[in-house]
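The exercises below ask you to work from a structure to statements about it, one step at a time. Please look at the sequence and the model before you read each solution.

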Amino acid sequence: MAKHSKSSGRSAASTITLDPAVCRTRIETYWSNGKTRDALDLAKDFLKATGTAEAEGLVLDAYEAHTRALLAKRMYSEARNLASTVIERFRRARDRFTPLVRQAEILAAGDIQSLLAERDTATCSRRLELEAMLTREVRDPRAIAESETLREDDALRKAARTVCHLFGAVTAGPVPAEALAPLSSIPRHSPLAPWKLLIRAIAAYYRRDDASVLANVSAMPEDCGPAPLAAALGVLTADVAAASDRARTPEVNNLLHRVSGGQALRQLHATRLVRALAARDQARATLSLQELLPHLRLCSPSIRQTALTTVIHHWTALGLSPDPLLRALLRDNRDLDGLRFAALILERHGEWPDAVLAWDGYRAAAVRAGALPPAGPEMSRLLLHMTELFPSAPADILNEFDAESEEELQAKVRSGELPECMDPGHLLARARAAEPSRAVFRAMVDHYDQRDPKTAEAEAEAWRRAHPRDLEPILYLIRAAERRGAIQKALAALADAEAIDQVNPEVRRSRFRLLLVSAEQHIKDARPDLAERDLDRLAREPAADEGDTSAYLLVLRWAVERTRGNATAATEIEDGLTARTGNPGLAHLIMTAVATSFGLEEMVNRFQIPSQVQSVEALARAGALFRKLGRALFVAPEFAARVERDMSGVSTPHLHALCEVGLAIGRYSLTYAASGEGLARGTTLVHRFLLARGRALRMATTHREHERAERCFRAARELAGRARDLEAVREASVALKQIAAEADVFGFEGRFFGDGAPPTPEEIVRLVVEERSRRDVPPFAVSPARRRRRKRAKQQRLFDDFMASLEKDL
Amino acid sequence: VNPFSVLDVDETAGDDAVRAAYLEAVRRHPPDRDPEGFQRIRSAYDAIRDAERRLAHRLFGPPPLDRLEDLLALLSTERHYVGPDIWLDVLRRHRS
């Protein structure tokens, strides 16, 4: 008898009842729950306790039930031994248990024919039993189809022939759906019913209808003869639930390998990985990846690289830790690809110092292995890529390495405290040595532009020598010379740029800018003829006719005449200026600003007094003009105050320009008022007005206004995104970062309010309504620009007369 | 998947050769008759159309697939007909 822990049975015995009816009920309960072993133990204890004939009958029933259960579990030798033991102990049970011994022997030998023979003459219930056994035992339908036990016209034999034919057909080639129609004649209770489902599943598998495969397979009984093939189909269709990880037999592996071309397990592990990632289950994803990697190594490099790049990308996007990914990839593959993927993982996770180190490790290993030439475009591109991983702000790099200056960083590299690859300048020099491409020179100039302008100019010169037809380095040299005030040198470089492409928009802009600077310089140097020549050349530029630029150039001509001492010509120009601008307020603002910059403010004559609307428009247009030309605009506080009082008559674009003027001249109350008026209009520029409002509020002195500023920036960013105004989105994002950084400094943990989620449309509407209804002007800090201007009392005096007349007019 | 294979062009080919291969491939798979084939060709061409992209492809590998589920299509198995005996072998072994 098989060894068995009798704990549960003994437990039952400890509470053994002497009532046969109760005992039988309990035994039947065990049977109905499939616990035939416990039922047998209970019956044996009952027999031991009572010793009655009734108890012996109960024990024999329990033995029979347990023997049949063992047969159903295919434990044939155990069933036979048990039945034999019962016959030895209970002689009167010989007739009852001998067929069970025989049945166990038939099943152990796989003797289907004996079962078929008995089925032919069995009673109805026995026939059902036999068919259930056949369902479990038939592992090759040919055993029935070719059975000599059954008559030629036996329904089961005919069905078996159909199954054999169609099984051969679906496993050998494509079969049309209608060819499977004869399977419908096989009834559900037939021993061949699982085979019917199997054939349908295999046919569905080959036509890639995996849902149908799983539907048919799941309908097959777990203990039926062809059940192992159902499990194999589960693996082939990557059905994670159906595919068991139990050790597979060589025959199963052979089937999987031959049918899938060796890819079945790869697909299964990939499916598990995708599902684990979809569930953000890092542990399961790691396990699946480890199982998938050996299979990926057998793929083509292209498929393998795409698969791993995709996994890395989505792993990172899900915010999972890079560590298990790194461990899995480096454990599986210590070759160059492993190093490359490790670098990509670190890079995508924003670990830039580690990513640079990993790329450097890959570079060295690839050169050693001969996979990467030590010079040439590939090496240059790789080194350039490494420099692109560094933060754009030099201070962030210095902070990372605890260096106070570039010199200290380079000293650390020289002393070996830091590897060479941690100096982006060094990497760029090597990239240039590998191949002096435009991209490398561009990166070189960008790198040194903030750190060492002289080196940046030298690199731009080297770029120009290496690529003589490139405009970009010449335009950089023009700007650099202009910054230093070396206008003649800039003009010489401009001539080179024009020789390459005279109509290039950037060249034309540079030309206009330089001629303007040159003209202004000549006026300051009291060289009116040269200034006039510059102004004549400027007049021929298309940009001279854009907006109010011609008015500005006209005022420069006025300055030339004043420098010459030609008062008549100057007065004529003054008279024409109002006509040119169509606004005496604008004429006065331009004239005042230009005159002040040349020290000619005493020579400005009085202009006609502008109306309120003209004053507002004048300030808006002057702000836009001076911003475009990059010149400082001086506005008397009284003039600005007058504009702030009433902006109702001005156009929306001019209102927006006023917002910018207020920020430019440091008069935040002007920006505050203009943005409030803009918000009240409810135009498509609401996001721009919110942005301006936020900027003004940011300059207020109270914490409460800073909170309002952050709300405005967040709403502006949201609305700008919807309006596809990407520039405004960027500006709002920068402003939010700045405000968060300021909050950090003051210990507000980077955010004044909210959870950082984008505001809802309802919140934005509430904010706009609230902001436009605010009449109070917050207290603003005095900007450095305004402080400087306060010292310029001389300029102020110039406006006194003008403003006095304005006030009189009001 | 490999853009060079899709366009049937050598990995050392220049811009002109890549473009010529692309146009030839489009002629064989016009968008109106084979939209999927055309999309595949277009994506391949976009990946290697100029020297910079070819260099990046060689150095940093192909771009990732947009959808994670597409990984399964990438690794989808071949399905070979092998006849009934290999299937039945599994059941014979199971009996023994």
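**Exercise 1. Describe how chain B is built, beginning with the sequence separation of its contacts.**

Step 1. Taking contact to mean heavy atoms within 4.5 Å, consider the contacts in chain B between residues at least 6 apart in sequence: 47% of these join residues at least 24 apart. This is a predicted model, in which local features need pLDDT of at least 70 and side-chain atom pairs count only at pLDDT 80 or more, while totals for chains, interfaces and linings use all residues. Residues are numbered from 1 along each chain as its sequence is written, chains are lettered from A and ligands numbered from 1 in the order in which they are written, and side-chain values use heavy atoms, with hydrogens and water left out.

Step 2. Helices (H or I, at least four residues) and strands (E, at least two) are DSSP runs, numbered from the N terminus; on this rule chain B has six helices and zero strands, in the order α-α-α-α-α-α from the N terminus on.

Step 3. Buried means under 20% relative accessible area, exposed over 50%, and partly exposed in between (1.4 Å probe, protein chains only). By these cut-offs, 42% of the 96 residues of chain B count as buried.

**Exercise 2. Characterise the interface of chain A and chain B.**

Step 1. Begin with its extent: chain A contributes 65 residues to the contact and chain B contributes 40 residues. The two chains bury about 5,100 Å² between them, with 67% of this on carbon and sulfur atoms, where buried area is the accessible area (1.4 Å probe) that two parts lose on being put together, summed over both.

Step 2. Turn to the charged pairs, for which a salt bridge is a side-chain nitrogen of Lys or Arg within 4 Å of a carboxyl oxygen of Asp or Glu. The rule finds four salt bridges across the interface of chain A and chain B, and one of these can be traced between Asp140(A) and Arg92(B), whose closest N and O atoms are 3.9 Å apart.

Step 3. Ask which element supplies the largest share of the side of chain A that touches chain B: helix α17 (residues 301-317) of chain A does, with ten residues. That side of chain A divides into 33 nonpolar, 20 polar and twelve charged residues, given that Ala, Val, Leu, Ile, Met, Phe, Trp, Tyr, Cys and Pro count as nonpolar, Asp, Glu, Lys and Arg as charged, and the others, Gly among them, as polar.

**Exercise 3. Compare the settings of salt bridges within each chain.**

Step 1. Over all chains the structure holds 76 salt bridges. In one of them Arg92(A) pairs with Glu56(A), with the closest N and O atoms 2.8 Å apart. Because Arg92(A) lies in the loop between α5 (76-89) and α6 (94-108) of chain A, and Glu56(A) in helix α4 (residues 53-72) of chain A, the pair ties together parts that are 36 residues apart in sequence. Arg92(A) counts as exposed at 56% relative accessibility, whereas Glu56(A), at 23%, counts as partly exposed.

Step 2. Glu118(A) and Arg126(A) also meet through their side chains in a salt bridge (2.6 Å, N to O). Here Glu118(A) is partly exposed at 30% relative accessibility, and Arg126(A) is buried at 17%.

Step 3. In chain B, a salt bridge joins the side chains of Glu24(B) and Arg27(B) (2.9 Å, N to O). Both residues lie in helix α2 (residues 15-28) of chain B, three residues apart, about one turn of the helix. An α-helix has 3.6 residues a turn, so residues three or four places apart point the same way. Glu24(B) is partly exposed at 31% relative accessibility, and Arg27(B) is exposed at 60%.

**Exercise 4. Find two loop residues with an unusual backbone angle.**

Step 1. Most residues other than glycine have a negative phi, and most peptide bonds are trans.

Step 2. Ala526(A) has a positive phi near 60 degrees, and its place is in the loop between α29 (505-524) and α30 (528-539) of chain A.

Step 3. Arg724(A), which is not a glycine either, has a positive phi of about 55 degrees; Arg724(A) is found in the loop between α39 (703-722) and α40 (726-745) of chain A, and counts as exposed at 72% relative accessibility.
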